[in-house]
Amino acid sequence: MKAAEKTNVMRLLEQKKIPFSSYTYESEQAITGLEVAERLGQDPAQVFKTLVTTGRSGAHYVFVIPVGAGLDLRKAAKAVGEKSLEMLKQKELLPLTGYVHGGCSPIGMKKHFRTVIDASARNFESIIFSGGRIGLQVQVGLEELSQLVRFETADLTTALIHN
């Protein structure tokens, strides 16, 4: 397998001298997070997806949650002090963040959005999430991630989805 071409996520991690691992998988289009975890042979509880929402105020928020869970919009709204949230429309993702559906990373978005990571991430030394394109994941410790992304943690999820 050829070396993955570097993404902005990888360049930013290297600039800050943040240790990370990267994983690639073959896919032409977005697949579910559970399929990503399966293809990588990783624990789905440690593999996270990046979701972007819009609050009633018009502000945008980024939530990073385990791939096997759903985002509880009420818990998420409470975490950021909004009355309500809705998922960002897929067609708005690329212009807003610079990322495509299935390749969205909390690192390296066009601008900084308030970011909340599910509290379950604290159960792991590091978490795995998109490296900025479909087919690439990076693994980074939360403490190291905090050098690049300002985030907080909160309970954000609905019950885990089981296959």
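## Gln46, two helices and the overall fold

The side chain of Gln46 reaches out to the backbone oxygen of Ser126, and the gap there is 2.8 Å. Keep in mind that this is a predicted model, so every number here is computed from it.

Let's stay with Gln46 for a moment. Gln46 sits in the loop that runs between α2 (33-40) and β2 (48-55). Is Gln46 buried or exposed? Gln46 is buried: its relative accessible area is 14%, and the cut-off for buried is under 20%. Leaving aside residues up to four places away in sequence, Gln46 touches Phe124, Ser126, Ile127, Ile128 and Gln139. Ser126 thus turns up both in that contact list and as the partner of the 2.8 Å side-chain reach.

Now for the whole chain. The protein has 5 helices and 8 strands, and reading along the sequence you get α-β-α-β-β-α-β-α-β-β-β-α-β. The radius of gyration is 15 Å, close to the 15 Å from the globule rule for 163 residues, so the protein is as compact as a globular protein of that length. If you prefer box dimensions, the C-alpha trace spans about 45 × 35 × 30 Å along its principal axes. Of the 163 residues, 47% count as buried. Take the contacts between residues at least 6 apart in sequence: 63% of them join residues at least 24 apart. The accessible surface comes to about 8,800 Å², with 48% of it belonging to carbon and sulfur atoms.

On the annotation side, an unreviewed UniProt entry carries "domain: YbaK/aminoacyl-tRNA synthetase-associated" for residues 34-145. Over residues 34-145 the chain is 24% helix and 29% strand, and the C-alpha atoms at the two ends lie 22 Å apart.

Two of the helices, α3 and α4, can be laid out side by side.

| Helix | Buried residues | Exposed residues on the other side | Arc of buried residues |
|---|---|---|---|
| α3 (residues 73-80) | Ala76, Ala77, Val80 | Arg74, Lys78 | 100 degrees |
| α4 (residues 90-97) | Leu93, Leu96, Thr97 | Lys91, Pro95 | 90 degrees |

Start with α3, where Ala76, Ala77 and Val80 are buried. Why do they line one face? Looking down the axis of α3, the buried residues fall within an arc of 100 degrees, so they line one face of the helix. The general rule behind such a pattern is that an α-helix has 3.6 residues a turn, so residues three or four places apart point the same way. The buried residues of α3 pack against β3, β4 (85-87) and β5 (114-118), while Arg74 and Lys78 are exposed on the other side. The ends of α3 have some detail too. At its start, a side-chain oxygen of Asp72 comes to within 3.0 Å of the backbone nitrogen of Arg74. After α3 comes Gly81, with a positive phi near 75 degrees.

Next up is α4, whose buried residues are Leu93, Leu96 and Thr97. Down the axis of α4, these buried residues fall within an arc of 90 degrees, so they too line one face of their helix. Which elements cover them? The cover includes β2 and β3 (60-66). Lys91 and Pro95 are exposed, on the face of α4 turned away from the buried side. Gly98 follows α4 and has a positive phi, near 90 degrees.

Conventions. Residues are numbered from 1 along each chain as its sequence is written. This is a predicted model: local features need pLDDT of at least 70, side-chain atom pairs count only at pLDDT 80 or more; totals for chains, interfaces and linings use all residues. Side-chain values use heavy atoms; hydrogens and water are left out. Helices (H or I, at least four residues) and strands (E, at least two) are DSSP runs, numbered from the N terminus. Buried means under 20% relative accessible area, exposed over 50%, partly exposed in between (1.4 Å probe, protein chains only). A polar contact is a pair of N or O atoms within 3.5 Å; within protein, one must be able to donate a hydrogen and the other to accept it, and residues adjacent in sequence count only if both atoms are side-chain atoms. Contact means heavy atoms within 4.5 Å. UniProt positions are given in the numbering used here, feature names are shortened, and annotations may be inferred rather than shown by experiment. The arc is that of the directions from the helix axis to the C-beta atoms. The radius of gyration is taken over C-alpha atoms; the globule rule is 2.2 Å times the number of residues to the power 0.38. Accessible areas come from the Shrake-Rupley method with a 1.4 Å probe; for residues, only the protein chains shown count as cover.
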